[in-house]
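Work through the exercises below with the sequence and the structure open. Each task is followed by a solution in steps.

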Amino acid sequence: MAGLKDKRGFIDKDRLDLSERKAVEYWMKRWGVTREQLTAAHRKVGRLTKDIAAELGKKR
């Protein structure tokens with residue numbers, strides 16, 4: 001999905017910034033998790049999406 005954009009430009013597929021609402025909504029929908037689950041995993045393992053996916057038990 002190279003065309004996925006937010007207000008600042010293209011969403012980074014490798015790192016998740018919780019301040020970017022569109023990116024958070026994209027990953028919430030893709031993984032089927034709530035914002036709280038995503039935030040908790042982000043705090044626990046960091047900002048890399050592959051680590052967050054592994055923490056949530058989801059495929060990236």
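**Exercise 1**

Which residue just after α1 takes a positive phi?

Solution. The model is a predicted one. Step 1: find the end of helix α1, which spans residues 21-31. Step 2: go to the residue that follows; Gly 32, just after α1, has a positive phi of about 70°. Step 3: relate Gly 32 to the C-terminal part of the chain. Lys 58 is 26 residues from Gly 32 in sequence, while their C-alpha atoms are 9.1 Å apart in space.

**Exercise 2**

Describe the order of the elements and say where the prediction is most and least confident.

Solution. Step 1: count the elements. The protein has three helices and two strands. Step 2: read along the sequence, which gives the pattern β-β-α-α-α. Step 3: check the confidence. The mean pLDDT of the protein is 85, and 80% of the residues reach 70 or more. Among the elements, α2 has the highest mean pLDDT, 95, and strand β1 (residues 5-6) the lowest, 62. Step 4: apply the usual caution. Where pLDDT is low, predicted coordinates should not be read in detail.

**Exercise 3**

List the residues of the largest nonpolar core and find the element that gives the most to it.

Solution. Step 1: start from burial. Of the 60 residues in the protein, 33% are buried. Step 2: list the core. Its 12 residues are Leu 16, Ala 23, Val 24, Tyr 26, Trp 27, Met 28, Trp 31, Val 33, Leu 38, Ala 41, Ile 52 and Ala 53. Step 3: assign them to elements. Two or more residues of this core come from each of α1, α2 and α3. With six residues, α1 gives the most. Step 4: look at α1 by itself. Its buried residues are Ala 23, Val 24, Tyr 26, Trp 27, Met 28 and Trp 31. Step 5: recall the helix repeat. An α-helix has 3.6 residues a turn, so residues three or four places apart point the same way. Step 6: find the packing partners. The buried residues of α1 pack against α2 (35-45) and α3 (49-56).

**Exercise 4**

Describe how α2 and α3 meet.

Solution. Step 1: take the geometry. The two axes come within 9 Å and cross at roughly 115°. The crossing of α2 past α3 is right-handed. Step 2: name the residues. From α2 the contact takes in Gln 37, Leu 38, Ala 41, His 42, Lys 44 and Val 45, and from α3 Asp 51, Ile 52, Glu 55 and Leu 56. Step 3: sort the residues by type. The contact of α2 with α3 consists of five nonpolar, two polar and three charged residues.

**Exercise 5**

Is Val 33 buried or exposed, and which residues does it contact beyond its neighbours in sequence?

Solution. Step 1: locate Val 33 in the loop between α1 and α2. Step 2: compare its relative accessibility with the cut-off. Val 33 counts as buried because its value is 11%, and buried means under 20%. Step 3: set aside neighbours within four places in sequence; Val 33 is then in contact with Met 28, Leu 38, Leu 56 and Lys 58. Step 4: follow one of these partners. Lys 58 is 25 residues from Val 33 in sequence, with a C-alpha to C-alpha distance of 9.7 Å.

**Exercise 6**

Compare the accessibility of Gly 57, Lys 58 and Asp 14.

Solution. Step 1: place the residues. Gly 57 is in the segment after α3, as is Lys 58. Asp 14 is in the loop between β2 (9-10) and α1. Step 2: classify them. Gly 57 is exposed because its relative accessibility is 63%. Lys 58 is partly exposed, at 33%, and Asp 14 is partly exposed, at 44%. Step 3: find residues across the chain. The C-alpha atoms of Gly 57 and Trp 31 are 9.3 Å apart, at a separation of 26 residues. Asp 14 and Lys 50 are 36 residues apart in sequence and 7.3 Å apart, C-alpha to C-alpha. Step 4: list the contacts of Lys 58. Beyond neighbours within four places in sequence, Lys 58 touches Trp 31, Val 33 and Ala 53.

How values were computed
Residues are numbered from 1 along each chain as its sequence is written. This is a predicted model: local features need pLDDT of at least 70, side-chain atom pairs count only at pLDDT 80 or more; totals for chains, interfaces and linings use all residues. Side-chain values use heavy atoms; hydrogens and water are left out. Buried means under 20% relative accessible area, exposed over 50%, partly exposed in between (1.4 Å probe, protein chains only). Helices (H or I, at least four residues) and strands (E, at least two) are DSSP runs, numbered from the N terminus. Contact means heavy atoms within 4.5 Å. pLDDT is the predictor's confidence in each residue, from 0 to 100. A nonpolar core is a set of buried Ala, Val, Leu, Ile, Met, Phe, Trp, Tyr and Cys residues joined through side-chain atoms within 4.5 Å. Axes are lines fitted to C-alpha atoms, for helices over the stretch in contact, and angles run from 0 to 180 degrees between N-to-C directions. A crossing is left-handed if the near helix is turned anticlockwise from the far one by less than a right angle, and right-handed if clockwise. Ala, Val, Leu, Ile, Met, Phe, Trp, Tyr, Cys and Pro count as nonpolar, Asp, Glu, Lys and Arg as charged, and the others, Gly among them, as polar.
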